Amino acid sequence: MGWLGGSISFIFIWAFVMLVVLPRGQRTQAEQGEVERGTPPGAPAKFDLRMRLLYGTAIAAAFWAPIALAVTAGWVSLDDFDFLTPQSIIDGLK
């Protein structure tokens with residue numbers, strides 16, 4: 001895996017992790033009982049983006065590192081996934 005493939009795979013994993021991390025444990029202003037004027041009741045009461053980005057990046061790195069190691073060490077290659085080629089999918093549908 002080159003630097004471009006590694007970067008793309010990390011960004012892909014990071015984006016999916018952030019979809020889980022961002023709303024996790026979030027309390028709304030309505031749940032807190034302190035709705036600020038001009039904001040919807042469903043708005044977050046306290047939102048710390050820096051910590052969520054830090055946690056998300058750490059979790060994504062923990063998922064990405066073994067994958068990158070396996071590909072870089074040669075334990076896994078794209079040839080191992082030949083069942084995902086368009087022709088094999090078409091043959092499987094017949």
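Visitor: In which helix is I59 found?
Guide: Happy to start there; this is a predicted model, in which local features need pLDDT of at least 70, side-chain atom pairs count only at pLDDT 80 or more, and totals for chains, interfaces and linings use all residues. Residues are numbered from 1 along each chain as its sequence is written, and side-chain values use heavy atoms, leaving out hydrogens and water. Helices (H or I, at least four residues) and strands (E, at least two) are DSSP runs numbered from the N terminus. The run at residues 49-73 contains I59, and its name is helix α3.

Visitor: Is I59 buried or partly exposed?
Guide: Buried means under 20% relative accessible area, exposed over 50%, and partly exposed in between (1.4 Å probe, protein chains only). The value for I59 is 35%, so this residue counts as partly exposed.

Visitor: What is the area of the nonpolar surface patch that I59 helps to make?
Guide: Patch members have over 30% relative accessible area and no salt bridge; like charges are joined within 9 Å, and nonpolar side chains (Val, Leu, Ile, Met, Phe, Trp, Tyr) within 5 Å. A salt bridge is a side-chain nitrogen of Lys or Arg within 4 Å of a carboxyl oxygen of Asp or Glu, while areas come from the Shrake-Rupley method with a 1.4 Å probe, counting only the protein chains shown as cover for residues. Together, M51, L54, Y55, I59 and F63 give a patch of about 490 Å².

Visitor: Which helix do the buried residues of α3 pack against?
Guide: The buried residues in α3 are R52, G56, A60, A68 and A70. A60 shows the packing nicely: its relative accessibility is 0%, so it counts as buried, and beyond its neighbours within four places in sequence it is in contact (heavy atoms within 4.5 Å) with F10, I13, W14 and V17. The C-alpha atoms of A60 and F10 are separated by 7.1 Å, although their places lie 50 residues apart along the chain. The packing partner of the buried α3 residues is α1.

Visitor: Where in α3 does a kink lie?
Guide: The 25 residues of α3 reach 35 Å from first C-alpha to last, close to the expected 36 Å (1.5 Å times one less than the number of residues). The bend is the angle between axes fitted to the seven residues ending at a position and the seven starting there. A kink of about 25° comes shortly before the proline P66, at W64.

Visitor: How far is the C-alpha atom of R24 from that of R52?
Guide: R24 sits in the loop between α1 (3-21) and α2 (29-32), and it counts as exposed because its relative accessibility is 64%. R52 belongs to the buried residues of α3. Along the chain the two are 28 residues apart, and their C-alpha separation is 9.2 Å.

Visitor: And how far apart in space are E31 and P41?
Guide: E31 is placed in helix α2, and at 48% relative accessibility it counts as partly exposed. With their places 10 residues apart in sequence, the C-alpha to C-alpha distance from E31 to P41 is 8.4 Å.

Visitor: What pattern does the protein chain follow along the sequence?
Guide: The chain has four helices and zero strands, and buried residues make up 13% of its 94 residues. Read along the sequence, the pattern is α-α-α-α.
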